[in-house]
Amino acid sequence: MSSGESMAVTISRIVRGSFAEKKRINAGDKLISINGNSINDVLDYRFYLNEKKLVLALETAEGKSKLVLIRKGEFEDIGLEFETYLMDKQRSCKNKCIFCFIDQLPKGLRKSLYFKDDDSRLSFLFGNYITLTNLTDSEAERIIRMHISPVNVSVQTMNPELRVKMMANPKAGESLKYLKRFADAGIALNTQLVLCPGINDGAELERSLDELSQLYPAVQSIAAVPVGLSEHREGLYPLEPYTKETAGEVIDIIDRFNEKFRKTHGEIIAYAADEFYLKAQREMPDEDYYNGFPQLENGVGMWALLKSEFESALSEFTLTELDRKVTVVTGEAAYPLIKELAESAEKKIKGLTVQVVPAKNRLLGSMITVSGLLCGADIAAAVEGLDMGEELIIPPNCLRSEGDMFLDDMTVEELSDKLGIRVTQNGSSGEDLLSALTGGI
Ligand code: SF4
């Protein structure tokens, strides 16, 4: 977020038929201000763009000033595009967290994977989690003034000294003050606690839950997520993985907290990620438990949601016969669920054969069992030598956002050529999974 001096942002493209084109704004012009408010980044732009009447101050490529008046509907776009989405450099994080997953990536992957983002603007725009450690007072004020909500925060612990230690950043403790400031201003907060056994769980977890709950109703949800440990941890802080017992203790603490919280507020706000239930070998809660799934991106309730969506799609599926064999590859964590769902589809639809194959993560190591971090080579190795039928279905979240490439840079086409089979990516819902299994019928 640019603070202090104002700077102009260069327009890179004008959308055809837009207000901007009609008003003869050109690519290469610089946008200086809207209604007298200087525009430094995408948040300023989005915020001031909402008015119905806009006076844009611009500077042409030749250095001439011009003013443009636009009358439009509230929230209507005017058709300007900028070189980078943020209109400014992306902010990287200033922490050195002991559990950072980026530090645990093997060398040699594509450069963008090593970028440590901690940009509050991406939190508002895409839901990324931020730590608040690189936020300044004036930026916090801007968030409050614009009433940007919700803000997603990686809290880890409400103990300031412990937070400093865990994030290896002297500002990590004092920056917790922004939580209270945002809560007082009525900004909603979704929070996450990345738990490391013996460090911020146990009594520390109880303290964090208690202090975060004091900021209710601004704090809408608290997700406890277990630390992810790859095999590439040479020279990093020694961390243990969760075991059946320690994962069970986390669930117990959260259950006790929720029970108390529900008595006062009539609902629950803390959730253990699905991975804790798998580790603890406890039954996963059903969908009613998750209160609208506020923390799905953190792997909280994904299991319950997929199951219920799939079951309801299957109950409405009318075809009872189909001549089709497919293979679904998935991470080791989701394997039991996908297998169960596939079997229920086979039972209902005669002639449908679904082979479900769990893939080991060879790039990051055996402790990483989520499907989203599988790479092309992992999938190829998992299905090698198998009769896959007519199609190989890969998990929904293992390609980069452009949808073309795995973590190891292998493309979907390359995987398909290598295996000699059609490869399709499954969508993320239960309906999508049933549709993939049945070939879109
Ligand atoms: S905030 Fe911590 S975990 Fe996130 S990228 Fe930075 S160092 Fe890594």
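Me: Take buried as under 20% relative accessible area, exposed as over 50%, and partly exposed as in between. At 42% relative accessibility, how does Asn291 count?

Reply: This is a predicted model. Asn291 sits in the loop between helix H9 (274-280) and helix H10 (302-316). Its phi is positive, about 50°, although it is not a glycine. At 42% relative accessibility, Asn291 therefore counts as partly exposed.

Me: Which residue in the loop between helix H5 (160-167) and helix H6 (177-184) deserves a look at its backbone, and what is its phi?

Reply: Most residues other than glycine have a negative phi. The residue in the loop between H5 and H6 is Ala168. At 46% relative accessibility it counts as partly exposed. Ala168 is not a glycine, yet its phi is positive, at about 45°.

Me: Which residue is joined to Ser149 by a cis peptide bond?

Reply: Most peptide bonds are trans. The bond that follows Ser149 is cis, with omega near 0°. The residue after that bond is found in the loop between helix H4 (137-145) and strand S7 (151-154). The partner is Pro150.

Me: What is omega for the peptide bond between Tyr216 and Pro217?

Reply: Pro217 lies in the loop between helix H7 (202-213) and strand S9 (219-226). The bond that joins Tyr216 and Pro217 is cis. Its omega is about 10°.

Me: How many charged residues are in the shell around the ligand?

Reply: The ligand is surrounded by Cys93, Asn95, Cys97, Phe99, Cys100, Lys116 and Thr131. Cys and Phe count as nonpolar, and Lys as charged. By class, the shell has four nonpolar and two polar residues, and the number of charged ones is one.

Me: In the sheet S7-S8-S9-S10, which strands stand at the edges?

Reply: These four strands form an open sheet with parallel pairing. An edge strand has a single partner strand, so one side of it is left without a neighbour in the sheet. The edges are S7 and strand S10 (270-272).

Me: What is the average twist in that sheet from one strand to the next, and which residue in S10 is the bridge partner of Ala224?

Reply: The twist averages 20°. S9 and S10 pair in the parallel sense over three bridges. In S10, the bridge partner of Ala224 is Ala272.

Me: What angle does helix H7 make with strand S8?

Reply: H7 packs on the sheet. It touches strand S8 (189-195), S9 and S10. Helix H8 (residues 244-265) also lies across S8, S9 and S10, running at about 160° to S10. For H7 and S8, the angle between directions is about 175°.

Me: In the open sheet S12-S11-S13-S14, which strands have a single partner strand?

Reply: The pairing in this sheet of four strands is parallel. Strands at the edges have one side left without a neighbour, so look at the edges, strand S12 (350-359) and strand S14 (422-425).

Me: Which residue in S14 stands opposite Leu392?

Reply: The sheet twists by an average of 25° from one strand to the next. Strand S13 (residues 391-394) and S14 pair in the parallel sense over four bridges. Opposite Leu392 stands Val423.

Me: Which helix packs on this sheet touching S13 and S14?

Reply: Two helices can be placed here. Helix H12 (residues 376-383) touches strand S11 (321-331), S12 and S13, and its direction makes about 125° with that of S12. The helix with a direction at about 145° to that of S14 touches S13 and S14; it covers residues 412-419 and is H13.

Me: Strand S1 (residues 9-14) and strand S2 (residues 30-34) are joined by bridges. Do they run parallel or antiparallel?

Reply: Strands of a sheet pair through backbone hydrogen bonds. Two bridges join S1 to S2. Val9 stands opposite Leu31 in S2. The direction is antiparallel.

Me: Which residue in strand S6 stands opposite Arg13?

Reply: S1 and strand S6 (residues 80-82) pair in the antiparallel sense. Three bridges connect them. Opposite Arg13 stands Glu81.

Me: What is the radius of gyration of the protein?

Reply: The protein has 14 helices and 14 strands. The globule rule gives 22 Å for 441 residues; the protein's value is close to that, so the protein is as compact as a globular protein of that length. Its radius of gyration is 25 Å.

How values were computed. Residues numbered from 1 in each chain as written. Predicted model: local features only at pLDDT ≥ 70, side-chain atom pairs only at ≥ 80, totals over all residues. Heavy atoms only, no water. Near = heavy atom within 4 Å. Pairing = 2+ DSSP bridges. Axes fitted to C-alpha atoms, helices over the stretch in contact; angles between N-to-C directions. Contact = heavy atoms within 4.5 Å. Rg over C-alpha atoms; globule rule 2.2 N^0.38 Å. Buried < 20%, exposed > 50% of the residue type's maximum accessible area, 1.4 Å probe, protein only.
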